[in-house]
Amino acid sequence: MNKQEQQGMTIIVKTVTRLTFGLILLYGAYIVLHGHVSPGGGFAGGVIIALAFINLMLAFGRDVTLKKISKGSTSFFESVGAILFFGIALLGFIGGCFFLNILPKGAPFRLFSAGIIPFCNIAIMLKVGAGIFAIFLALVLLETEAKERK
Amino acid sequence: MIELYVLLIIMIIGAIIAIRVEDLLSCVIAVGVIGLSLSIAFLILKAPDLAITQLVVEILCLIILIRATLRKDLPFSATGRWVLNTAIVLFFILIFLAAAAKCLKDLPGFGYPMMNVSKEYIEKAVEMTGAVNVVSAIILDFRAYDTLGEATILFTAVIGVLAIVRKIGKKKEGTKIEDEHE
Amino acid sequence: MIRPYDIIPFFVIIPLGGAFIISLIGKKVKWFPDVAGTFATLALMIISVLSVWIVNKYGMQVYNVGGWKIPLGIGMVLDGFTCFMLVTVNLVAFLITLFSVNYMNRYTSKWLFYALFLLMLTGMNGVIVTGDMFNLFVFLEIASVSSFALVAFGTEKYELEAAFKYAIMSSVGSAFILLGIIFLYSYTSTLNMADMAGVLMQKGQGNIILLVSVLFLMGFGLKAALVPFHAWLPDAHPSAPAPISAMLSGILIKTLGIYTLCRLFFNVLGATQPILSILMFMGILSMLAGVFLAIGQWDFKRLLAYHSISQIGYVVLGIGIGTPLGILGGLFHLFNHSIFKSLLFLNSGAIEYAIETRDLKLMGGLSEKMPITSKTSLIASLSIAGIPPFNGFWSKLIIIAACVQAEHYIYAALAIVGSILTLASFMKVQKYAFYEKVQELTAKAKEAPVFMCVSMILFAILCAFTGLLLAPTVKGLFLDLSVKALTVGTGYARLVFGAL
Amino acid sequence: MILYLLCLVLFSLGIYCTVRKRNIIKIIVGIMILEYSVNLFFALIAYKENGRAPIYSETQDILNMVDPLPHALVLTAIVIGLATTALLVAIAIKIYEKYGTFDITKIRELRG
C-alpha cells in the first residue's frame, strides 16, 4: 500500500489518466461557464475539477501530485474563492442592497449574460474545487502518516 | 412512472444490503448503488442539475469512504439487549410510517405541485435575471444568500477537517511546541 | 441615505468576513486572529445594541436580500425577539472572545480556532435574523458543523468520541428538520415564514401540521438537548475548550433550539394548547432529570453541562406556559442563564488553565490562590441557584409566579424543588473547589492571566446587575418587546408584510 | 402517494442504520441514506405531470415546467450533506488512528 502511495498505479492507468486529465478539466470548465444556460453550475464544475486532481493523485501517487499543487496553495485558493464570492455579494451595496445583481443582464442564451451569475459560478468553482481537494489531501496525509507511524 | 417505482425499490434493497452486510467495502458499494440510482431518479424527475451534482458528489463520497475503509477490520459485535432495542426502534419506525401515511394525504398529490411562488420564478426569471436556466437563476440570484451559506458550510468543513487532522491539539505543561507548519 | 433596516445584513457580514480574512492571512501573521476576532465581536455587540434602539424607534424592520421582494427572495426580519437574541448572543460572544485571547494559548493553530468561532457566530446570527425557512436550516447547519469541529479541537481521544456522538445526533436532528420543511413547503408552496403563516391561517390546521410539529419538536429538541434527546450534551460540552463550552452551553443550544422552537411554534405554525403542554412537560422533565444527574458528578465541567439541561428546562417551562408573564420569565431566564452559565464555564476553564484538572476531588483551597476566579464563581453559583439580589432569582421568581397564575401548582412546586437541588449542588462545588484545605495540586496554582480575569469580572458584574432589566422603563425597552413579538402569534405575517 | 411512502421507508432505514448499528462507518452510511431520502423527497414534490426541465430553450417554447425551487434547495442540501459527511469521515479516521477500531462498543470512554 505504502509503496503504491508513492509510485502510483500501473503504466496503463498512468497513460489513460494523462490523456483524460485535460479533458476532465475542460469539461469542468465548460460546466462552470455555461452554468446559467445549461444544467450544471459552479458547484458541479468545481467538484469535477477537484475530481480531476484526485484522479491524478490516485494514479501517480501523492508525491508527484504534491509537487504540482501543494497543500498551502489549495487552502489559499479556497480562501480566495470564498472572498471573491463574498466580495461579489458585497458589491451589491453599490446599488444599495446586499447581493444585488448590479451588472447588466445582457441577452438571454449568450455566454455573457445574467449579470453576476457567471462570476458567482467562477468564484464558487474556485472555492469548491480547492476546498474539496484540500479535504481529500488532509485525509490522505492523515492516513499515510498513521501508517508510517505503525 | 413505473421506472421510478423500480428505482425506489432498488434503492430500498440497496439500503437493506448496506445495513445487513458485514463487510465494510460491500456496504460502501451498496451506498454507491443508492446514490447512483438517486442520480438517475433525479434525471427522470426532470432535474438535470441535480443529476449532475449528485453524480459527482456520489463519486467523491465513494472515493473518500473507500479510502477510509480499505483494509480495515470489521469486528461485528451485537450488544446485550439486541432484540429488545431493535424491537423498540422498529416499533417507533412503524408508528412514524403509519402516521405519515395518514398525514401525507393532506399534501398535494404526486405530479400536481401548487407552485404559488415558483410560478413567478418561471415566468419572470429570464427577463429579471437574464439566466435561462431557472434553477441557476434561483440559486445565484433570487436566493443567492442561501448559496453564500452553502459555500460557507463547505468552507467550515474544510477548516474543520484541517483542525481535526492536527497532530497535536493541546500543548502539555512544560513542553514547548512550535505551531505546526502545514 | 442610510435606512434603518440597512443594519440587518451586517450581523452576518462582519463575522463571515472576519472568518474569511483570518483563514487567508491568520496563519502567517500570528497576532492577527486575536485582534480580528476581538474587534469583530466588539463591532457585533455595538450594532446589536444599536438594533434595540432601532426597533424601539422605528418598529419592525424587514430587509430584502438582493432587492427581491419577499416571498420571491429571502427576507431578513428584525423584531423585538430578534434583537433580544442578538444582544444575548453577541454580548456573550464578545466577552468569551476576550477570555480566549489568553486561554487558547494552550492549544495549537489559534487561527483555526478563531475562524471556526466566527463561523459559528455567523451561523447563530444568521439563524436569528433570517425570515426564511430554508435559510434558517442553512445557517443552523453552519453553526452545527463548526461546533462539531470545535468540540474536537483538542484532538484528544475522548474529545473525538464526544464530537462524533454530537455530530451524529445533530445530523439526525437536521434530517428531521429538513423533512419538516419539505412537508411545509409542499403544503403551503412558499418558504418565507410570514407568507407561510398567512397561508396556514387560510388553509387551516391539517394532520400534516401535527406531523410537522412532531418532527420539529424532535429536531430542535435534539439541538436544544431537551430530556429524551439530551444524551450528547454531557459528553460534548465538557470536551470542548472552555470558551467553546461556554458558547455551546451559553448560547448555541438556545439559538438553535429554543429560539427556533419559539419562532416556528408561536409565529408560524401557531402555538396550540397540546404543543404548549408537551413543551411544559418536557421542560419539567429536563429540569428534574438534569439536576438529579448533576448532583452525583465530580467532574466540574460535566456537572455544569447537566445543569445546562436543567436550566434549559426552566426556560422551556416558562415559554410553554404561554401567558405573557410566563414567556417573559422564560426569555429573561434564557438571557440570565447565558450569562451565568458562560461565567461558570469560564471559571472551570480558568481552573483547568491553572492546575490542569477538572476533578473536584483534586481541587481545594483555590479561594486563596485564585481570588478573582473564586469570587466570580461564587456570584455565578448564587445566580444559578436563585439567591436574591442576583439575576437568576428574578427570572425563576417570574417563572414560578407564572406557573401559579396559570394554576399549574404542581409545576410551580417542582420548579422550587429543582432550584433547591441546584443550590445544594453548587454548595458542593464551592466547598470542594474553593474552601477545603489546599491540596498538593493546588499549592502552586496561580491566578489566571489578565484578559481572562477581565472577562470573568465583566460577566460577574452583569450577573449582579441584569436584574435591573426588570425596572419599569428598561423593561419596556428590551424585554417587553420580545414578549410582544411572541404573543402576537401568527399575526407575525401581517406585521412583516406591513413593515415592507 | 405510494412514492412518498416508499421514500419515507428509505428515510426509516437510514434512521435504523444510524441508531442500531455499532460500527462508525455504518453510522456514517446511515446518515448518508437519510440525506439521500430527504433529497429525493424534495425532487418528488417538485415533479409536475408531463413537466419539462426548468431550462428555457432557444428553439422551442417550453410551457409546462416542473417546480424549480425545490431543485435549488436540493443543490444546497447536497452540499451540506457532503460537508457533514467529510467532517464525519475525518473524525472517524482520527478515531481509528487513536483507538485502532471502528467498533463503538469498544471505544466508550464517556458515558452519557
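## A loop residue in chain C

S109(C) sits in the loop that joins α3 (80-103) to α4 (110-129) of chain C. Keep in mind that this is a predicted model. The backbone at this spot is a bit unusual to look at: S109(C) is not a glycine, yet its phi is positive, at about 50 degrees. Is S109(C) buried or exposed? It has 21 C-beta neighbours inside 10 Å, and the cut-off for burial is 20 or more, so S109(C) counts as buried.

Chain C has another loop residue to look at, K69(C), placed between β1 (61-64) and β2 (75-78). Here the count is 10 C-beta neighbours inside 10 Å, and because the limit for exposed is 12 or fewer, K69(C) lands in the exposed class. If you want a distance to check in your viewer, take K69(C) and M247(C): they are 178 residues apart along the chain, and their C-alpha atoms are separated by 35 Å.

## A positive phi in chain B

Chain B has a non-glycine residue with positive phi as well: M115(B), with a value near 55 degrees. M115(B) belongs to the loop between α4 and α5 of chain B. Its surroundings hold 19 C-beta neighbours inside 10 Å, and since burial takes 20 or more, M115(B) is classed as partly exposed.

## How α1 and α2 of chain B pack

Now for a helix pair. In chain B, helix α1 (residues 2-20) packs against helix α2 (residues 24-44) at an angle of about 165 degrees, and the two axes are 8 Å apart. Angles over 145 degrees count as roughly antiparallel, so that is the label for α1(B) and α2(B). As for handedness, α1(B) and α2(B) make a left-handed crossing.

Which residues make the contact? On the α1(B) side they are E3(B), L4(B), L7(B), I10(B), M11(B), G14(B), A15(B), I17(B) and A18(B). On the α2(B) side you'll find C27(B), A30(B), V31(B), V33(B), I34(B), S37(B), L38(B), I40(B), A41(B) and I44(B). Sorted by class, the contact of α1(B) with α2(B) has 16 nonpolar residues, 2 polar and 1 charged.

## Where chain B meets chain D

The contact between these two chains involves 73 residues of chain B and 68 residues of chain D. On the chain B side, at least two residues each come from α1, α2, α3 (48-69), α4 (82-103), α5 (116-129), α6 (134-142) and α7 (144-164). The top contributor among them is α3(B), with 11 residues. The class split for the side of chain B that touches chain D is 52 nonpolar, 15 polar and 6 charged.

## The nonpolar core

How many residues are in the largest nonpolar core? It has 377, and the residues with the most contacts inside it are L87(D) and I91(D). Helix α3 (residues 68-99) of chain D provides the largest share of this core, 21 residues.

I91(D) is a good place to zoom in. Setting aside neighbours within four places in sequence, I91(D) has contacts in chain B and chain C. The chain B partner is I164(B), and the chain C partners are A152(C), L160(C), A163(C), F164(C) and A167(C).

## Chain A: helices and a contact with chain D

Chain A has 6 helices and 0 strands, so to speak a plain α-α-α-α-α-α run from the N terminus on. Chain A has 150 residues, and 48% of them count as buried. Among the contacts in chain A with a separation of 6 or more, 69% are between residues 24 or more positions apart.

Chain A touches chain D through 9 residues of its own, with 9 residues from chain D on the other side. Helix α6 (residues 117-149) of chain A gives the largest share of the chain A side, 5 residues. That side of chain A divides into 7 nonpolar residues, 1 polar and 1 charged.

Helix α6 of chain A is also home to L137(A). With 24 other C-beta atoms within 10 Å, L137(A) is buried. Beyond its neighbours within four places in sequence, L137(A) is in contact with K71(A) and T74(A). For another distance to check, L137(A) and G41(A) are 96 residues apart along the chain, with 24 Å between their C-alpha atoms.

Key. Residues are numbered from 1 along each chain as its sequence is written. Chains are lettered from A and ligands numbered from 1 in the order in which they are written. This is a predicted model: local features need pLDDT of at least 70, side-chain atom pairs count only at pLDDT 80 or more; totals for chains, interfaces and linings use all residues. Two residues are in contact if their C-beta atoms, placed from the backbone, lie within 7 Å. Helices (H or I, at least four residues) and strands (E, at least two) are DSSP runs, numbered from the N terminus. Ala, Val, Leu, Ile, Met, Phe, Trp, Tyr, Cys and Pro count as nonpolar, Asp, Glu, Lys and Arg as charged, and the others, Gly among them, as polar. Axes are lines fitted to C-alpha atoms, for helices over the stretch in contact, and angles run from 0 to 180 degrees between N-to-C directions. Angles under 35 degrees count as roughly parallel, over 145 as roughly antiparallel, 65 to 115 as roughly perpendicular and the rest as oblique. A crossing is left-handed if the near helix is turned anticlockwise from the far one by less than a right angle, and right-handed if clockwise. A nonpolar core is a set of buried Ala, Val, Leu, Ile, Met, Phe, Trp, Tyr and Cys residues joined through C-beta atoms within 7 Å.
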